[in-house]
Amino acid sequence: MKPKNLHTSGEFARMAQISLRTVRYYDKQNILKPSYVSESGARFYSGSDFVRLQQILLLKYLGFSLEEIKQMTIDDSDRNMMRSSMDMQLKLVRDRIEQLQMVEQAIVDTSKVLESNQKIDWQQLLDIIHLTNMENSMSSQYKDATNINARINLHKMYSTNQESWFSWIYNQCEIKNDMSILEVGCGNGAMWIENRKKIPSGIHVVLSDCSEGMLRDARREIGLEDNRFLYAVSSCENLDMKDNSFDLVIANHMLFYCEDIDRALAEIARVLKPCGRLIASTYGHKHMREISMLVREFDDRIVLAANKLYEHFGLNNGEKFLQYSFENIEKKIYDDGLCVTKANPLIEYIMSCHGNQNQYILNRYKEFKQFVEKKVKKGFFVTKDAGIFLCTKKST
């Protein structure tokens, strides 16, 4: 007897207007597993499987390989994760629309040149080639944005400190009218979006990041009509900005990613005005350690971060890097922790990490979810060991 509210493989294929062969292939490749398998081996699919199929087909339409899709999706029926996934798909579609509009304009401009028998600007043709190749970076941009959202959501939902991290950081900046500010490694601009109502009307902010995708997200969320903000694709170790340009530079959880921290700090000092300030956030060795212990209990081969970033630039050693270019160095700790009561936000966070977790969790996802659900049933506490360094550019 067919289980209630479930569909056979054939019914599922017909309703989705794909071939039965495709359904079987996705099952075999562990991309879309059925919700129920009978003792005889018959496969049955649920409504949530249609949602997952929609995600797979959209990503395939946008040019991702099946291997990429497998890494980018998780077999789960939780509505919050579905909504988060839909939000990211919407962002991805909007990214592609913007890219195609730029390609369209470049083709129109080149066609006009050809029609008028003017000399062809080969740079325009190179621009078209560049734009049509932008899809190669969409996978990494999608992953970056998804990962950032997963981390922010966990903190937003379960932090014990009533003042959020981004609100606390903003308040440490002491922003006033007419200030010129640079944020390096701005990501999706979350700090400015969250504190939008506090931002003075007369400030000038440059948001920089090495990822065009992140800047596109920030620009879209803040709004092109907000002329207080400019956007620059730039590496912290090689800032394409003039000397003595900014009153304040913000480096939120990014200096530990720099290959050459001394050079990055020297660049920040260069673009700061005399007596300009730097606010650099980082964390210590206790930060989120319970989550690492959790996954290692599930499988001791899992490492959530290949590098211990707090050893590169952390609360315990950051001052020694700063002292060469900065003075009046003060360290402030953000008093907070997490008390997690639901499994899915924690799982999203874990899957967002830069380690090897996908290798050991994806094929055992349902088992892992059950494991995490037991751990959070009575509340799962996570230590947070984060803070900032406030300092002033050294006088020469």
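Mentor: Two strands are said to pair if DSSP finds at least two bridges between them. In this predicted model, strand 4 (residues 180-184) and strand 5 are a case in point, as five bridges join the two. One of the contacts across them is Ile 181, whose bridge partner in strand 5 is Val 205.

Trainee: What makes strand 5 and strand 6 a pair?

Mentor: Five bridges join strand 5 to strand 6, in the parallel sense. Pairing requires at least two, so the criterion is met. Val 205 also appears here, standing opposite Phe 229 in strand 6.

Trainee: How do you know whether strand 5 is enclosed or open to its surroundings?

Mentor: Five of its six residues are buried, so the rest of the structure largely encloses strand 5.

Trainee: Why is Cys 210 called exposed or buried?

Mentor: Its relative accessibility is 62%. The exposed class begins over 50%, so Cys 210 belongs to it. Cys 210 is located in the loop between strand 5 (204-209) and helix 10 (212-222). Apart from neighbours within four places in sequence, Cys 210 is in contact with Val 233 and Ser 234. Cys 186 is 24 residues away in sequence, with a C-alpha to C-alpha distance of 9.2 Å from Cys 210.

Trainee: To which class does Asn 307 belong, and what makes it so?

Mentor: Asn 307 has a relative accessible area of 55%. That value is over 50%, so Asn 307 is exposed. The residue is placed in the loop between helix 12 (289-298) and helix 13 (309-312). Asn 307 and Gly 355 are separated by 48 residues in sequence and by 8.8 Å in space, C-alpha to C-alpha.

Trainee: What makes the sheet of three strands in the order 1-3-2 open, and which strands stand at its edges?

Mentor: The three strands of this open sheet are paired antiparallel. Strand 1 (7-8) and strand 2 (36-37) each have a single partner strand, so one side of each lacks a neighbour in the sheet; these two are the edges. Strand 2 and strand 3 (residues 43-45) are joined antiparallel over two bridges. The pairing threshold is at least two bridges, so this case also qualifies. The bridge partner of Tyr 36 in strand 3 is Phe 44.

Trainee: How many aromatic pairs does a search of the whole structure find?

Mentor: The search finds 16 aromatic pairs. Among them is Trp 168 with Tyr 334, at 5.2 Å centre to centre and 40° between the planes.

Trainee: Why is the pair of Trp 168 and Tyr 334 called tilted?

Mentor: Ring centres must lie within 6.5 Å, and planes under 30 degrees apart are stacked while those over 60 are edge-to-face. An angle of 40° falls in neither class, so the pair is tilted. Trp 168 belongs to helix 8 (residues 165-173) and Tyr 334 to strand 9 (residues 326-334), so the pair ties together parts 166 residues apart in sequence.

Trainee: How do you know whether Trp 168 and Tyr 334 are buried or exposed?

Mentor: Trp 168 has a relative accessibility of 9%, and Tyr 334 a relative accessible area of 2%. Buried means under 20%, so both residues count as buried.

Trainee: What class of aromatic pair do Trp 192 and Phe 229 form, and what makes it so?

Mentor: Their planes stand at 75°, with 5.7 Å between the centres. The angle is over 60 degrees, so the pair is edge-to-face. Trp 192 lies in helix 9 (residues 190-194) and Phe 229 in strand 6 (residues 229-233), so parts 37 residues apart in sequence are tied together. Trp 192 and Phe 229 are both buried.

Trainee: What makes Arg 219 lie over the face of Tyr 231?

Mentor: Arg 219 is 5.4 Å from the ring centre of Tyr 231 and lies over its face. The distance limit is 6 Å, so the value is admissible.

Trainee: Which residues touch the most other members of the largest nonpolar core?

Mentor: They are Trp 192, Leu 255, Ile 268 and Leu 278, in a core of 59 residues. Residues touched by Ile 268 include Val 184, Cys 236 and Phe 326, with those up to four places away in sequence not counted. A second, separate core has 28 residues, including Met 288 and Ile 361.

Conventions: Residues numbered from 1 in each chain as written. Predicted model: local features only at pLDDT ≥ 70, side-chain atom pairs only at ≥ 80, totals over all residues. Heavy atoms only, no water. Helix = DSSP H or I, 4+ residues; strand = E, 2+ residues; numbered from the N terminus. Buried < 20%, exposed > 50% of the residue type's maximum accessible area, 1.4 Å probe, protein only. Phe/Tyr/Trp six-rings, centres within 6.5 Å; stacked < 30°, edge-to-face > 60°. Lys NZ or Arg CZ within 6 Å of the ring centre and 35° of its normal. Core = buried A, V, L, I, M, F, W, Y, C linked by side-chain atoms within 4.5 Å. Contact = heavy atoms within 4.5 Å.
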